[in-house]
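Before this structure is used for further calculation, a careful reading of its side-chain contacts seems worthwhile. The points below are offered in that spirit.

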Amino acid sequence: MTKKRIIALIITIIFVLAALPSLISLANALKREQAYQFIVDGEKWFTVSDQNALVKILREYQKEYLNSIDENAQIKKIAFLQEIEIVEVEVRPEEIDSLEVAKEKIYAIEEDLVEIEIKSGDNFWNLSKANNLTVAELEILNPAIDPDKIFPGDKLVVKPLNPVLDVIIELENTVVEPIPFKVEYKKNNNLYKNQKRIIKEGIEGQKEVIYHISLLNGYQSSLNVKNEVTLKEPVQAIVQIGTKTTVSRGGRINYGVVSGKRISSYYGYRIHPITGQRRFHDGIDIAATHGNRVYAYTDGRVVEAGWNGGYGNCILVDHGNGLKTRYAHLSRIYVRVGQRVKTGERIGAVGSTGNSTGPHLHFEVIKNGRTKNPLNYI
Ligand SMILES: [Zn+2]
């Protein structure tokens, strides 16, 4: 090797050594790590290194919306409303977000839940109107609340929580429901006007109903009956009546105690198809025009007349022989405690006071301290 060549080699080595730090940083800059981008409707939200951890966070987030669902229900689908993609990418280490950042973005809320507190005198009907909702919408927002049993201090959701990432759930639930029995009326000329005699008590039937329900962020967005099977046929009641007819007249039905449109809620147990909660309805609700007259079921003495919590304006009449009848949600009361009333005498007017979902008469029959199915009595 010549001297010249040695010098040239030394110079080259010096140059290479001088350039080394910048070569290392260039290599670093080109270094890529495998990571996972979370994309929502085509928009990149964040990048994480652990795909399994990301999937776990997403599953846990979705699961929170399963909390209030009946444990017997079959979950058919759980998904996001938005289009979600997890894409494998190669990024520089500093481009990777922590799982905390990912969690924060997944759990982000667009609009918070709005609740109101029930005050004395409030009812479901007026509250829904005041919040620009229908009664049905207010019921959907509060599946765990029985509109018949709300009290001052209870909270009602009037606007649902609106998350950034929406969760859709589809479920099927099978519940057993009662089938109301029909009442056959037979005229009897020997009975006085408005008098009734039960010849045969009706018995409710039973059916198994399969509901297909869709939820958006935990709230019902659709509910359909998928199948219905009768388990037990109802047994028709037979009631003898005096001269007063109890059949439909001009679109209105005379139920004896009130002239109404239809029975909007029957007596007995109901199972909420989403929450699986059991509720008991102590009477029947007869939907009727506000102000319609309410009549005494039969002769008796008024034992309660006035405001009674969820019943609103309410009358209780004692007919003797262990029989009492209750008339609730009245707009007006025309009788006083202790007053004797006759069969068919006007005692009040239909209203929507107390916990009521609209103008109706809640009519209850109490025999020896226990409620009975009023369909056997009207
Ligand atoms: Zn009722």
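The numbered points that follow take up the metal site, the nonpolar cores, the aromatic pairs, the charged contacts and two backbone angles.

1. Status of the coordinates. Please keep in mind throughout that this is a predicted model, and that the distances and angles quoted here are values computed from that model.

2. The zinc site. The zinc ion is coordinated by the NE2 atom of His 281, by the OD oxygen of Asp 285 and by the ND1 atom of His 362, at 2.0 to 2.2 Å. Along the sequence these donor residues follow the spacing H-x3-D-x76-H. Because Asp 285 belongs to strand β20 and His 362 to strand β27, this pair ties together parts of the chain that are 77 residues apart in sequence. Asp 285 counts as buried, at 6% relative accessibility, and His 362 likewise counts as buried, at 3%. Any reading of the donor set should allow for the fact that water is not among the atoms, so sites may look incomplete.

3. The nonpolar cores. The largest nonpolar core has 32 residues, and those with the most contacts inside it are Val 257, Val 294, Ile 315, Tyr 327, Ile 347, Leu 361 and Phe 363. At least two residues of this core come from each of the strands β14 (237-241), β20 (284-287), β23 (313-320), β24 (323-333), β26 (346-350) and β27 (360-367). Another core, of 26 residues, lies apart from it and includes Phe 38, Tyr 61, Leu 215 and Ile 274. As general background, nonpolar side chains in soluble globular proteins tend to be buried together.

4. A stacked aromatic pair. The structure holds nine aromatic pairs, and one of them joins Phe 38 and Phe 46, whose rings are stacked at 5.0 Å centre to centre with 15° between the planes. Phe 38 is buried, with a relative accessible area of 0%, and Phe 46 also counts as buried, at 0% relative accessibility.

5. An edge-to-face pair with a charge beside it. The rings of Tyr 269 and Phe 280 have centres 4.8 Å apart and planes at 70°, so this pair is edge-to-face. The pair links distant parts of the chain, with Tyr 269 in strand β18 (residues 268-271) and Phe 280 in strand β19 (residues 278-281), 11 residues apart. Tyr 269 is partly exposed, with a relative accessible area of 44%, and Phe 280 counts as partly exposed at 26%. Arg 278 lies over the face of Tyr 269, at 4.4 Å from the ring centre.

6. Further aromatic contacts. Tyr 61, Tyr 65, Phe 80 and Tyr 107 form one aromatic cluster. Elsewhere, the charged end of Arg 346 sits over the ring of Tyr 334, 3.7 Å from its centre.

7. Salt bridges. The count comes to six salt bridges, of which three are described here. The side chains of Glu 94 and Arg 92 meet at 3.1 Å, N to O; Glu 94 is exposed, with a relative accessible area of 59%, whereas Arg 92 counts as partly exposed at 29%. Glu 111 forms a salt bridge with Lys 159, the closest N and O atoms being 3.0 Å apart. Since Glu 111 lies in strand β5 (residues 109-111) and Lys 159 in strand β7 (residues 155-159), this bridge ties together parts that are 48 residues apart in sequence. In the bridge between Lys 207 and Glu 228 the N to O distance is 3.8 Å, and the pair links strand β12 (residues 205-216) with strand β13 (residues 219-232), 21 residues apart. Lys 207 counts as buried, at 18% relative accessibility, while Glu 228 counts as partly exposed, at 46%.

8. Two positive phi angles. Most residues other than glycine have a negative phi. Asp 41, although not a glycine, has a positive phi of about 45°; Asp 41 is found in the loop between β1 (33-40) and β2 (43-48), and counts as exposed at 52% relative accessibility. Asn 132 also has a positive phi, near 55°. Asn 132 lies in the loop between α4 (124-130) and α5 (135-141), where, at 72% relative accessibility, Asn 132 counts as exposed.

Methods
Residues are numbered from 1 along each chain as its sequence is written. This is a predicted model: local features need pLDDT of at least 70, side-chain atom pairs count only at pLDDT 80 or more; totals for chains, interfaces and linings use all residues. Side-chain values use heavy atoms; hydrogens and water are left out. Rings of Phe, Tyr and Trp (its six-membered ring) pair if their centres lie within 6.5 Å; planes under 30 degrees apart count as stacked, over 60 as edge-to-face and the rest as tilted. Buried means under 20% relative accessible area, exposed over 50%, partly exposed in between (1.4 Å probe, protein chains only). Helices (H or I, at least four residues) and strands (E, at least two) are DSSP runs, numbered from the N terminus. A charge sits over a ring if NZ of Lys or CZ of Arg is within 6 Å of the ring centre and within 35 degrees of the ring normal. A salt bridge is a side-chain nitrogen of Lys or Arg within 4 Å of a carboxyl oxygen of Asp or Glu. A nonpolar core is a set of buried Ala, Val, Leu, Ile, Met, Phe, Trp, Tyr and Cys residues joined through side-chain atoms within 4.5 Å. Donors are N, O and S atoms within 2.8 Å of the metal (3.2 Å for Na, K and Ca); water is not among the atoms, so sites may look incomplete.
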